[in-house]
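Please open the structure in your viewer and keep the sequence panel beside it. The tour below moves from one selection to the next, and at each stop it says what to look for.

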Amino acid sequence: MLFDFNQVWGDQFITYTLIRYSAGADNAEGVYVPGTSTTQTIQGMPPQPLNEKELMQFTDGQKTQDIQKIYTSFPVRVRDGEINADRFQFDGQEYEVIKVETRDILGNYYKATVRKIQGDV
């Protein structure tokens, strides 16, 4: 590990509410019941814009969405089967995790690419 993410950047952190979902399942009648959600407080860097290289991985339609990145030492998750992606809440906004890159070697942190939720849920 090259540096300790929390130690180097901790004074820049903001507080997020993280929403984490459990898997949904069919009930006894075969009707799908969505999973429940839990919330917890985590720390991370403020949302930041993507650079040109990062934007190239998205289609033109996706680029019009509000896509940003958030760095945190908390392990966040993308959608996996029946489990919805984690969501960050901050300052009245909600962001859904669409991609996660682990940076274990650099400083034991995660780069979460997030999409701002704008009334489409």
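Leaving aside its neighbours within four places in sequence, which residues is Tyr16 in contact with? Before answering, please keep in mind that this is a predicted model, and then select Tyr16, which lies in strand 1.

**Stop one: Tyr16 and its surroundings**

With Tyr16 selected, show the residues around it: the contacts are Gln40, Thr41, Ile42, Gln43, Gly44, Met45, Pro46, Pro47, Ile70, Phe88, Gln89 and Phe90. Tyr16 is buried, because its relative accessible area is 1%, and buried here means under 20%. For a contrast in distance, add Arg79 to the selection: this residue is 63 residues from Tyr16 along the chain, and the two C-alpha atoms are separated by 19 Å.

**Stop two: the aromatic rings**

Now add Phe88 to the view and turn the model until both rings can be seen. Across the whole structure, a search finds three aromatic pairs, and one of them is formed by Tyr16 and Phe88, whose ring centres are 5.0 Å apart and whose planes make an angle of 70°, an edge-to-face arrangement. Tyr16 belongs to strand 1 (residues 14–21) while Phe88 belongs to strand 7 (residues 87–90), so this pair ties together parts of the chain that are 72 residues apart in sequence. Phe88, like its partner, is buried, with a relative accessible area of 0%. If you then select Phe90 as well, you have the members of one aromatic cluster, namely Tyr16, Phe88 and Phe90.

**Stop three: the nonpolar cores**

Which residues make up the largest nonpolar core? Select Ile14, Tyr16, Leu18, Ile42, Ile70, Val76, Phe88, Tyr95, Val97, Ala112 and Val114, and you have its eleven residues on the screen. Strand 1, strand 8 (93–103) and strand 9 (109–116) are the elements that give two or more residues to this core, and strand 1 gives the most, with three residues. A second, separate core has five residues, among them Phe5, Phe13, Met45 and Tyr109.

Return to the largest core and pick out Val114, one of its members. Not counting residues up to four places away in sequence, Val114 touches Asp66, Ile67, Gln68, Ile70, Phe88, Tyr95, Glu96, Val97 and Ile98. Of these neighbours, select Ile67, which is found in strand 6 (residues 67–72) and is buried, with a relative accessible area of 10%. The C-alpha atoms of Ile67 and Gly10 are separated by 23 Å, and these residues are 57 residues apart along the chain.

**Stop four: two loop residues**

Is Asp91 buried or exposed? Select this residue in the loop between strand 7 and strand 8, and you will find that Asp91 is exposed, with a relative accessible area of 65%. Its phi angle is near 50°, which is a positive value in a residue other than glycine.

Next, move to Val31, whose place is in the loop between strand 2 (25–26) and strand 3 (32–33). Val31 counts as partly exposed, at 48% relative accessibility, and, when residues up to four places away in sequence are not counted, Val31 touches Ala25 and Asp26. To see how far this loop residue is from Glu96, measure from C-alpha to C-alpha: Val31 and Glu96 are 26 Å apart in space and 65 residues apart in sequence.

**Last stop: the whole protein**

Finally, clear the selection and show the protein as a cartoon, where the secondary structure comes to four helices and nine strands. Followed along the sequence, these elements give the pattern α-β-β-β-β-β-α-α-β-β-β-α-β. The C-alpha trace spans about 55 × 35 × 30 Å along its principal axes, and buried residues make up 34% of the 121 residues. If you consider contacts between residues at least 6 apart in sequence, 56% of them join residues at least 24 apart.

Switch to a surface display to end the tour: the protein exposes about 7400 Å², and carbon and sulfur atoms supply 49% of that area. Colouring by charge brings up 12 positive and 17 negative charges, whose mean positions are 5 Å apart.

Note on methods:
Residues are numbered from 1 along each chain as its sequence is written. This is a predicted model: local features need pLDDT of at least 70, side-chain atom pairs count only at pLDDT 80 or more; totals for chains, interfaces and linings use all residues. Side-chain values use heavy atoms; hydrogens and water are left out. Rings of Phe, Tyr and Trp (its six-membered ring) pair if their centres lie within 6.5 Å; planes under 30 degrees apart count as stacked, over 60 as edge-to-face and the rest as tilted. Buried means under 20% relative accessible area, exposed over 50%, partly exposed in between (1.4 Å probe, protein chains only). A nonpolar core is a set of buried Ala, Val, Leu, Ile, Met, Phe, Trp, Tyr and Cys residues joined through side-chain atoms within 4.5 Å. Contact means heavy atoms within 4.5 Å. Accessible areas come from the Shrake-Rupley method with a 1.4 Å probe; for residues, only the protein chains shown count as cover. Lys and Arg count as positive and Asp and Glu as negative; His and the chain ends are not counted. The place of a charge is taken as NZ of Lys, CZ of Arg, CG of Asp or CD of Glu.
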